[in-house]
Amino acid sequence: MRSYVNRNQEPEMSQVPDELLYTKEHEWIRIEGSKAYVGITEFAQKSLGDIVYVEMPNIDDEFEAGEEFGTVESVKAVSSLYVPVAGRIIDFNQELKDRPELINEDCYDEGWLVRIALRGDEDQEDLLSAEDYEEFLKDQ
């Protein structure tokens with residue numbers, strides 16, 4: 001997710017789970033073997049405000065790391081979503097169609113966006129650990 005960062009937000013207050021990896025565009029990824037869940041971080045959802053709509057990709061769509069895979073619309077703005085690693089969409093969070101606010105309520109669990117089949121692990125070197133992401137947030 002790029003842009004729409006609230007410069008007045010206290011990044012130290014954001015929750016950053018240790019078991020996830022992060023991007024500088026404020027997406028998170030939970031890798032489970034050859035598959036992974038992707039969502040946006042607490043920092044991102046707080047910056048956007050109340051989320052009212054999520055545009056998702058189709059099942060079997062394939063993406064390279066860093067490509068746009070959808071958008072999230074809030075009362076403040078529309079922002080693009082970027083896939084952290086190369087892969088194929090194998091599922092998306094159906095609950096978000098009727099309840100996009102799940103992202104605001106629980107962005108790291110119930111508010112996940114897509115599940116992907118990983119193409120390889122070469123992209124993972126560009127991902128940030130929780131500690132590195134927290135350090136990155138200090139400059140936001």
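Here is a short chat about a predicted model of a protein.

Biologist: What radius of gyration does the protein have, and what would a compact globule have?

Modeller: The chain has 140 residues, and a compact globule with that many would come out near 14 Å. The C-alpha trace spans about 40 × 35 × 20 Å along its principal axes. The protein agrees with the globule value, so the number you want is 14 Å.

Biologist: How are the elements ordered from the N terminus on?

Modeller: Okay, the count is four helices and nine strands. Reading from the N terminus, the run is β-β-β-α-β-β-β-β-β-α-α-β-α.

Biologist: Which strands are the edge strands of the open sheet?

Modeller: That sheet has six strands, paired antiparallel in the order E1-E2-E3-E9-E8-E5. An edge strand pairs on one side only, and that fits strand E1 (21-22) and strand E5 (62-63).

Biologist: And which residue in E2 is the bridge partner of Leu-21?

Modeller: E1 and strand E2 (residues 27-32) run antiparallel, with two bridges joining them. For Leu-21, the bridge partner in E2 is Ile-29.

Biologist: Is Val-52 buried, exposed or partly exposed?

Modeller: Val-52 sits in strand E4 (residues 51-55). Along with Tyr-53 and Val-75, Val-52 makes a nonpolar surface patch of about 300 Å². Its relative accessible area is 43%, and buried means under 20% while exposed means over 50%. So Val-52 is partly exposed.

Biologist: What share of the exposed area do carbon and sulfur atoms supply?

Modeller: Buried residues make up 51% of the 140 residues. The protein exposes about 7,200 Å², and the carbon and sulfur share of that is 39%.

How values were computed: Residues numbered from 1 in each chain as written. Predicted model: local features only at pLDDT ≥ 70, side-chain atom pairs only at ≥ 80, totals over all residues. Heavy atoms only, no water. Patch = residues over 30% accessible without salt bridge, like charges linked within 9 Å, V, L, I, M, F, W, Y side chains within 5 Å. Areas by Shrake-Rupley, 256 points an atom, 1.4 Å probe, with all protein chains shown as cover. Salt bridge = Lys/Arg side-chain N within 4 Å of Asp/Glu carboxyl O. Buried < 20%, exposed > 50% of the residue type's maximum accessible area, 1.4 Å probe, protein only. Pairing = 2+ DSSP bridges. Rg over C-alpha atoms; globule rule 2.2 N^0.38 Å.
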